[in-house]
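Open your viewer, bring up the cartoon and keep the selection tool handy. We will go from stop to stop, and at each one you will hear what to select and what is there.

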Amino acid sequence: MIEVGGNSSANAIYEAYIPENCSKPGPDASHDERRRFIRSKYELQEFVKPSLRITSGKSSASLQSSFSRKILDSFRVKPSENSEGMVEFIGLLKVKVVKGTNLAIRDMMTSDPYVVLTLGQQTVQTTIIKSNLNPVWNEELMLSVPQNFGPVKLQVFDHDTFSADDIMGEAEVDIQPLITSAMAYGDPEMFGNMQIGKWLKSHDNALIEDSIINIVDGKVKQDVSLKLQNVESGELYLEVEWLPLDQ
């Protein structure tokens, strides 16, 4: 449920194609009416887009993995016959590095921070801000998302002119909830402003608080606040936007 993006996201998939002669049971529906609708919705998957249907006879974990994989497969660009060895992309990620707060000191009294983002073989970075432990970048960076994507790796460095740059902390951004939620809904311009998913704070990620995924003005966006890891102090704030290839 977390990976798909919550109940509303799941219903957008499992109830995508309810026929006109079939209605969703209301509060006064009988037990048999509810049972028939639930079996049609989940077990028989009669209202799901045909290409996303999965067969039964698997474990629940296998079904979840298969379902998520089918959502992603339905949006992938198929490679041409001459594309052997090329990386297959499913969309673009626009990451706005907003600001950092209480960053670590790496020079005498301050630091010259910049942010590096890595996804697969791609690396992008912000500009360097001189002598500032609370820098404001508001800088947008673009990353292509490959078919077999992992987390976005984030590192903050202190720029040094005459020696190697010093690390000022790091973190990882799990983009799976964002992409799965966005693909489950399809064209975001068809919906009003609404929450469609969430990346939950836990002991094994760097989130300061739950990261909400929203449709805002026809775009799928996510605010991310991170506590930098492996460093004495520092927080970083991002705005992430998913751009499917057809945009």
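The tour begins with the whole chain, moves on to the sheet and a helix, and ends with some side chains.

**The whole chain**

Before selecting anything, keep in mind that this is a predicted model. Colour the cartoon by secondary structure: the protein chain has 4 helices and 10 strands. Followed from the N terminus, the elements run α-α-α-β-β-β-β-β-β-α-β-β-β-β. Now switch on the surface. The protein chain exposes about 13,900 Å², and carbon and sulfur atoms supply 50% of that area. Of its 247 residues, 41% count as buried. If you draw the contacts between residues at least 6 apart in sequence, 56% of them join residues at least 24 apart.

**The open sheet**

Hide the surface and select β4, β1, β10, β9, β8 and β7, which in that order make up an open sheet of 6 strands with antiparallel pairing. Which strands are at the edges? They are β4 (136-146) and β7 (194-199), each of which pairs on one side only. Look across the sheet as well: on average, neighbouring strands are turned by 25° against each other, direction ignored.

Next, zoom in on β1 and β10. These two strands run antiparallel and are joined by 10 bridges. To pick out one of the pairs, select V95 and its bridge partner in β10, V240.

**Helix α4 on the sheet**

Keep the sheet in view and add α4. This helix packs on the sheet, where it touches β1, β4, β7, β8 (211-216), β9 and β10. Its direction makes about 150° with that of β7. Is α4 exposed or enclosed? Helix α4 covers residues 176-185, and because 9 of its 10 residues are buried, it is largely enclosed by the rest of the structure. Show side chains here, and you will find P177, L178, I179, T180, S181, A182, M183, A184 and Y185 among the buried residues. Just after the helix, click on G186: its phi is positive, near 80°.

**Salt bridges between distant parts**

The whole structure holds 6 salt bridges. Side chains of opposite charge can pair when their charged atoms come close. Start with K94 and E241, whose closest N and O atoms are 3.8 Å apart. This pair links distant parts of the chain, since K94 is in strand β1 (residues 89-101) and E241 in strand β10 (residues 235-244), 147 residues apart. E241 is buried, with a relative accessible area of 7%.

Now select E232 and R106, whose side chains meet in a salt bridge with an N to O distance of 2.8 Å. E232 lies in the loop between β9 (219-227) and β10, and R106 in the loop between β1 and β2 (113-119), so the pair ties together parts that are 126 residues apart in sequence. E232 counts as exposed at 55% relative accessibility, while R106 is partly exposed at 26%.

**A network around E15**

Salt bridges that share partners join E15, K24 and K41 into one network, so select these three residues together. Between K24 and E15, the salt bridge measures 3.0 Å from N to O. E15 counts as buried at 17% relative accessibility, whereas K24 is partly exposed at 47%.

Centre on K41 in helix α2 (residues 31-43). Is K41 buried or exposed? K41 is buried, with a relative accessible area of 5%. Leaving aside neighbours within four places in sequence, K41 is in contact with N11, Y14, E15 and F47. The C-alpha atoms of K41 and N11 are separated by 9.4 Å, with the two residues 30 apart along the chain. K41 also has a polar contact of 3.1 Å with the side chain of Y42.

**Last stop: S111**

Return to the loop between β1 and β2 and select S111. S111 is buried, with a relative accessible area of 0%. A polar atom of its side chain lies 2.8 Å from the backbone oxygen of A104. To see what surrounds S111, show its contacts beyond four places in sequence, including I105, R106, I129, K130, L133, D158 and M168.

Terms used. Residues are numbered from 1 along each chain as its sequence is written. This is a predicted model: local features need pLDDT of at least 70, side-chain atom pairs count only at pLDDT 80 or more; totals for chains, interfaces and linings use all residues. Side-chain values use heavy atoms; hydrogens and water are left out. Buried means under 20% relative accessible area, exposed over 50%, partly exposed in between (1.4 Å probe, protein chains only). Contact means heavy atoms within 4.5 Å. A polar contact is a pair of N or O atoms within 3.5 Å; within protein, one must be able to donate a hydrogen and the other to accept it, and residues adjacent in sequence count only if both atoms are side-chain atoms. Accessible areas come from the Shrake-Rupley method with a 1.4 Å probe; for residues, only the protein chains shown count as cover. A salt bridge is a side-chain nitrogen of Lys or Arg within 4 Å of a carboxyl oxygen of Asp or Glu. Two strands pair if DSSP finds at least two bridges between them. Axes are lines fitted to C-alpha atoms, for helices over the stretch in contact, and angles run from 0 to 180 degrees between N-to-C directions.
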